Amino acid sequence: MSTTEQLSRFLAEVERRAYRHAAFTVRDEQAALDIVQDAMFKLAEKYIDRPAEEYPMLFQRILQNAIRDYFRRQKVRNYWTTAISFVIPGQNDHSGDEDAVEYSQPTAESDDPANQVNTAQRLVIIQEALEKLPARQREAFLLRYWEEMDTAETASIMGCSEGSVKTHCSRAIHALSKYLEGKEITL
């Protein structure tokens, strides 16, 4: 049994990473904020009675489900928007602005303007590389290496086998390495 203080502490620790994860996945900052907020509410509302050790797995599962729900809603919305755009003139302008994900630099980097520029350029390239990955590879990669989950946890969240997680991660790493190599970036 956990306390509200433990839940608050957990949510404070996970919110920025969850936001970045959602923003990389849905490519819409406002939608990412909504998704993370909904996931946090759901965890607080339905699972406060669970032990604090279960929060990371529960939250990641809730977050992944919220992201999938977002894409399902978008699919339906896009279908009807496209269908209506043929009937109503001037409704087929789908230009959107995809802003970069927020990043706060450690103090040692932030003091040197050259490092700031270099880091910002590298982050844009890395973000582009992540966005080019197929959805399942990106999801596996972010859960394993961004959220630092083990293979079993990632498999549970993604609803697949551990072997599939390893395959997705391996393919993601190879694709990212190849892309970043072409941009002359080594990590």
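## Exercises on a predicted all-helix model

The axes of helix H7 (residues 151-158) and helix H8 (residues 162-182) come within 8 Å and cross at roughly 100 degrees. The model is a predicted one, and the exercises below start from this pair of helices.

**Exercise 1.** Describe how H7 is oriented relative to H8, and state which residues meet where the two helices are in contact.

*Solution.* Two packed helices are described by the angle between their axes and the distance between the axes. The crossing angle for H7 and H8 is roughly 100 degrees, and angles of 65 to 115 degrees count as roughly perpendicular. H7 and H8 are therefore roughly perpendicular to each other. On the H7 side the contact involves Thr151, Ala152, Thr154, Ala155 and Met158, which meet Glu162, Val165, Lys166 and His168 of H8. Sorted by class, this contact of H7 with H8 holds four nonpolar, three polar and two charged residues.

**Exercise 2.** Carry out the analysis for H6 and H8, and then state which residues of H6 are buried.

*Solution.* The axes of H6 and H8 come within 8 Å, crossing at roughly 95 degrees. With the range of 65 to 115 degrees for roughly perpendicular pairs, H6 and H8 are therefore roughly perpendicular to each other. From H6, the residues Arg136, Gln137, Ala140, Phe141, Arg144 and Tyr145 meet Val165, His168, Cys169, Arg171, Ala172, Ile173 and Leu176 of H8. By class, the contact of H6 with H8 has eight nonpolar, two polar and three charged residues. As for burial, helix H6 (residues 135-146) has Gln137, Arg138, Glu139, Ala140, Phe141, Leu142 and Leu143 as its buried residues. Just after H6, Glu148 takes a positive phi of about 60 degrees.

**Exercise 3.** Identify the largest nonpolar core, say which helices supply it, and place Leu63 within its surroundings.

*Solution.* In soluble globular proteins, nonpolar side chains tend to be buried together. The largest nonpolar core here has 24 residues, and those with the most contacts inside it are Leu11, Ile35, Leu43, Phe59 and Leu63. Helix H1 (4-26), helix H2 (29-46) and helix H3 (55-85) each supply at least two residues of this core, and H1 gives the most, with nine residues. A second, separate core has 11 residues, including Phe24, Ala129, Leu133 and Ala172. Turning to Leu63, and leaving aside its neighbours within four places in sequence, one finds Leu63 in contact with Ala18, His21, Ile35, Val36 and Ala39.

**Exercise 4.** Follow the chain through H1 to the loop after it, and describe the bend in H1 and the backbone and exposure of Arg27.

*Solution.* Within H1 there is a bend of about 40 degrees at Glu15. Beyond the end of H1, Arg27 lies in the loop between H1 and H2. The phi of Arg27 is near 60 degrees, a positive value in a residue other than glycine. The cut-offs for a partly exposed residue are 20% and 50%, and at 31% relative accessibility Arg27 therefore counts as partly exposed.

**Exercise 5.** Summarise the protein chain by its secondary structure, burial and contacts.

*Solution.* The secondary structure comes to eight helices and zero strands, with the elements running α-α-α-α-α-α-α-α from the N terminus on. Of the 187 residues in the protein chain, 33% are buried. Finally, among contacts between residues at least 6 apart in sequence, 66% join residues at least 24 apart.

Key:
Residues are numbered from 1 along each chain as its sequence is written. This is a predicted model: local features need pLDDT of at least 70, side-chain atom pairs count only at pLDDT 80 or more; totals for chains, interfaces and linings use all residues. Side-chain values use heavy atoms; hydrogens and water are left out. Axes are lines fitted to C-alpha atoms, for helices over the stretch in contact, and angles run from 0 to 180 degrees between N-to-C directions. Helices (H or I, at least four residues) and strands (E, at least two) are DSSP runs, numbered from the N terminus. Angles under 35 degrees count as roughly parallel, over 145 as roughly antiparallel, 65 to 115 as roughly perpendicular and the rest as oblique. Contact means heavy atoms within 4.5 Å. Ala, Val, Leu, Ile, Met, Phe, Trp, Tyr, Cys and Pro count as nonpolar, Asp, Glu, Lys and Arg as charged, and the others, Gly among them, as polar. A nonpolar core is a set of buried Ala, Val, Leu, Ile, Met, Phe, Trp, Tyr and Cys residues joined through side-chain atoms within 4.5 Å. Buried means under 20% relative accessible area, exposed over 50%, partly exposed in between (1.4 Å probe, protein chains only). The bend at a residue is the angle between axes fitted to the seven residues ending there and the seven starting there.
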